Amino acid sequence: MAETKQVIVKVKRQAGPKEAARWEEFSLKWRPSMNVIICLRDIAENPVTRDGKKTTPVTYDSNCLEEICGSCAMLINGKARMACSALVDQLEQPIRIEPMSKFPLVRDLAVDRQFMFESLKRVKAWIPIDGTYNLGEGPRVSPEVQEKGYPLSNCITCGNCLEVCPQVNEHNQFVGAAIISQVRLFNMHPTGAMNKSERIAAIIGPGGIQECANAQNCVHACPKGIPLTESIAEVNRDAWKQALLSWLVG
Amino acid sequence: MSSTATRPDTSYLLRKLHSFTGILPVGAFLAEHFWSNSAALVSAEKYNTVSQELQTIPFRLIVEWAAIFLPMLFHGGYGIYIWLRGKSNVSAYPWVGNWLYVTQRYTGLIAFAYIGWHLYTERWLTHGRSTYANVAADMRNPWYLTFFVVGVLASSFHLGAGIWNFLCKWGLAATVKAQQAAGRLGALVGVAFSVVGILIIISFRYDWHPFSVYLPSK
Ligand code: HEM
Ligand code: SF4
Ligand code: FES
């Protein structure tokens, strides 16, 4: 039998936001259906580089391993993707693994996506159902709205859409496609619609929807196939009506 | 809800104004300009009549500044500001929309440089009384000719891609299907403007007047 197949992986290591970055190369034993998370686990099991130097396990985030928690987004061969669904057999080797570039680095491949959660709070990406007294039943959601809303509700806040957007960078505070799509989702819900104008007001604030320049990278990068460009267009229409016409027609 | 909470950020208003000025008046002026200059395809006399008509409109300076120069300066200036605040990544993600994003910026800059030079040679140097002969003479200079061709193509591309952007960014084309249709419309405008622009250049350069057949025979 020929010698066992190897997988060559290069990982960008960085002990902290202020430490210097370096690349480490690993040679791992190939296994069927191997994905990038399995590579990182194998390294953790035996943290020795290709040239035999002892190192530390790589820090990274992951949880569900089925593209549902959104924590494992990273740059794999230069492209933003979910590590748990990136199959080794479909990747060119050596496989280069880096942290996302648009979020503050924590360590190695782990980044801090707090910006997205803060933005979700800014646009009130929820349905208010609690009051100081019983608010009773809400209006029914029509099947049509359910059908449109369901795909939008699949967002896992992975941040891929921000990572690939040329308008998301250190020069501005653009909230990115995911947040705009959530504005659409909660505005389309009959109870959520009661706060529609507040969400629109937030999304025409600093770093809001105006920063979108229609490069449309987001829709290609979204692992959940969310119709982001459609969401942005829909919210854009509500936005200019409120921003430019409300002083005329209320 | 209080009315202050719905007030948009200044950056929102400026971005919307930038987007709008791209179509009106700047895009509309480009269309008018190509249309007027098509008169050269009929005859030199027709061209001179049409341009004299335009050169003698009442309130000419006010109209020029309010409807052409100032909006174009704003659109161009703010366009460069927008450009500087973006960070292109087309080498990592070479998708069509991403290419259009980059090209929109370069063609805008080329158009800006071209229009500035064009105004200088055809309006400033001629004191606003340029004639068919002036333009035809400029076209005989190979450098001028090249700049004319590049400027016309860049402006046409920028307007075509801009129409697509505009329709998407105001939510007028929202669904994937509608955005594809908007893209086809933009492409059609870009190609049509390019073709007409090049025909006009050929007309001046080679004294070629294909529509002279419309003229009553002498
Ligand atoms: C021939 C003159 C010009 C015409 C007809 C024109 C037209 C347009 C149109 C229709 C748009 C789309 C609006 C939108 O994005 O919503 C646009 C966008 C744009 N234009 Fe122009 N423009 C011209 C000159 C310029 C110049 C001189 C610049 C300076 C670099 C420029 C820079 C831009 C940029 C950066 C955008 C994209 C804005 C964004 O992504 O949000 N344009 N233009
Ligand atoms: S919209 Fe898609 S790419 Fe963006 S955060 Fe949500 S799941 Fe990720
Ligand atoms: S581990 Fe949850 S999305 Fe990859």
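Biologist: Which side chain has an N or O atom 3.1 Å from an oxygen atom of ligand 1?

Modeller: In this predicted model, that side chain belongs to B:Arg105. Two histidines should be read alongside B:Arg105. A nitrogen atom of ligand 1 lies 2.7 Å from a side-chain N or O atom of B:His158, and a ligand nitrogen is 2.8 Å from such an atom in B:His75.

Biologist: Which elements give two or more residues to the shell around ligand 1?

Modeller: They are α1 (10-37), α3 (60-85), α4 (96-124) and α6, in chain B. The most comes from α1(B), which gives 7 residues. As to position, ligand 1 lies between chains A and B.

Biologist: How do the residues of this shell divide into nonpolar, polar and charged?

Modeller: There are 9 nonpolar, 12 polar and 3 charged residues. Among the 24 residues around the ligand, those that come nearest are B:Ser19, B:His75, B:Gly108, B:His158 and B:Lys169.

Biologist: Where is empty space left in a model?

Modeller: Rolling a probe the size of a water molecule over the atoms reveals it. Here the count is 4 cavities of 30 Å³ or more, and the largest has a volume of about 190 Å³.

Biologist: Which residues lie nearest the centre of the largest cavity?

Modeller: They are A:Cys212, A:Asn214, A:Gln216, A:Cys218 and A:Ile232, out of 21 lining residues. Two or more lining residues come from each of α7 (217-221) and α8 (228-249) of chain A and α6 (142-169) of chain B. The most is given by α8(A), with 4 residues. By class, the lining holds 13 nonpolar, 7 polar and 1 charged.

Technical notes. Residues are numbered from 1 along each chain as its sequence is written. Chains are lettered from A and ligands numbered from 1 in the order in which they are written. This is a predicted model: local features need pLDDT of at least 70, side-chain atom pairs count only at pLDDT 80 or more; totals for chains, interfaces and linings use all residues. Side-chain values use heavy atoms; hydrogens and water are left out. On a 1 Å grid over the protein atoms alone, a cavity is a set of points where a 1.4 Å probe fits but cannot get out, and a pocket is an open set with protein on both sides within 12 Å along at least five of seven lines; lining residues have an atom within 4 Å of a point. Grid points are joined across faces, edges and corners, and a volume is the space filled by probe spheres set on the points. Ala, Val, Leu, Ile, Met, Phe, Trp, Tyr, Cys and Pro count as nonpolar, Asp, Glu, Lys and Arg as charged, and the others, Gly among them, as polar. A residue is near a molecule or strand if one of its heavy atoms lies within 4 Å of it. A polar contact is a pair of N or O atoms within 3.5 Å; within protein, one must be able to donate a hydrogen and the other to accept it, and residues adjacent in sequence count only if both atoms are side-chain atoms.
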